[in-house]
Amino acid sequence: MWPKFLSRIVVIFSVFLLGCDRDDTPATLEGTYEGIFTVTYMNNETFSNPVEVTLMNGRFSSTAGPNRYPAGGNGDYEVMSGTIEFIDENFWTADFDWNLILSGAYSYSLSGDTLVISAEKNNVGVYTYELNRK
């Protein structure tokens, strides 16, 4: 009697665990990071500046650098399989490269406390944030 009862409990428990959404990736990304932002344009011009990015509870903020390298940004973010989608909520003037705003889809990799966020945008250049958790 007990073996059947225990096997049913094990099956029910297993089904429950398999049915749970266990995407804990966003929690591992949360924190404040500092590092270097680099853009490499298709003509091989490169610009870099220090940057700080905070990811917390589905919200992000990014500091701006001199001459808008990067431009910064803040708003909501969502982590998906290997990508982060940033939804910036600011109004911007039209006098600079809007790809410098932390907005849109970026691929990411996290290794320990090192987060690299990168995107090739509109055949203009590659925009990369190389960050370390503070």
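Two strands are taken as paired where DSSP finds at least two bridges between them. The views below show a predicted model.

**View 1. The protein chain combines 2 helices with 8 strands.** Along the sequence the elements follow the pattern α-α-β-β-β-β-β-β-β-β. The 8 strands close into a barrel in the order β1-β2-β3-β4-β5-β6-β7-β8, with antiparallel pairing. On average, neighbouring strands of this sheet are turned by 30 degrees against each other, direction ignored. The protein chain has 134 residues, of which 34% count as buried. Its accessible surface comes to about 8,300 Å², and 57% of this surface belongs to carbon and sulfur atoms. Among contacts between residues at least 6 apart in sequence, 43% join residues at least 24 apart.

**View 2. Strands β4 and β5 form a hairpin with 2 residues between them.** In the turn, G82 has a positive phi of about 80 degrees. The strands β4 and β5 run antiparallel and are joined by 6 bridges. Within this pairing, G75 stands opposite D88 in β5.

**View 3. Strands β2 and β3 also form a hairpin, again with 2 residues between them.** N57 lies in the turn and has a positive phi of about 55 degrees. Strand β2 covers residues 46-56 and is joined to β3 by 4 bridges in an antiparallel arrangement. Here T54 is found opposite S61 in β3.

**View 4. Strand β3 (residues 59-62) presents side chains alternately to two faces.** In a regular strand, side chains alternate between the two faces of the sheet. F60 and S62 point to one face and are buried. R59 and S61 point to the other face and are not buried. Beyond its pairing with β2, strand β3 also pairs with strand β4 (residues 73-80), in the antiparallel sense and over 4 bridges. In that pairing, R59 stands opposite D76 in β4.

**View 5. S62 is placed in strand β3.** S62 counts as buried because its relative accessibility is 10%, and the cut-off for buried residues is under 20%. Leaving aside residues up to four places away in sequence, S62 touches V51, E52 and V53. The other residues that S62 touches, on the same terms, are G72, G73, L102 and Y129.

**View 6. Strand β5 (residues 83-88) has a covered face and an uncovered face.** I84, F86 and D88 make up the covered face. T83, E85 and I87 belong to the uncovered one. D88, on the covered face, is the residue that G75 stands opposite. Strand β5 is further joined to strand β6 (residues 104-111) by 4 bridges, and these two strands run antiparallel. In this second pairing, I84 of the covered face stands opposite Y106 in β6.

Methods: Residues numbered from 1 in each chain as written. Predicted model: local features only at pLDDT ≥ 70, side-chain atom pairs only at ≥ 80, totals over all residues. Heavy atoms only, no water. Buried < 20%, exposed > 50% of the residue type's maximum accessible area, 1.4 Å probe, protein only. Contact = heavy atoms within 4.5 Å. Areas by Shrake-Rupley, 256 points an atom, 1.4 Å probe, with all protein chains shown as cover. Axes fitted to C-alpha atoms, helices over the stretch in contact; angles between N-to-C directions.
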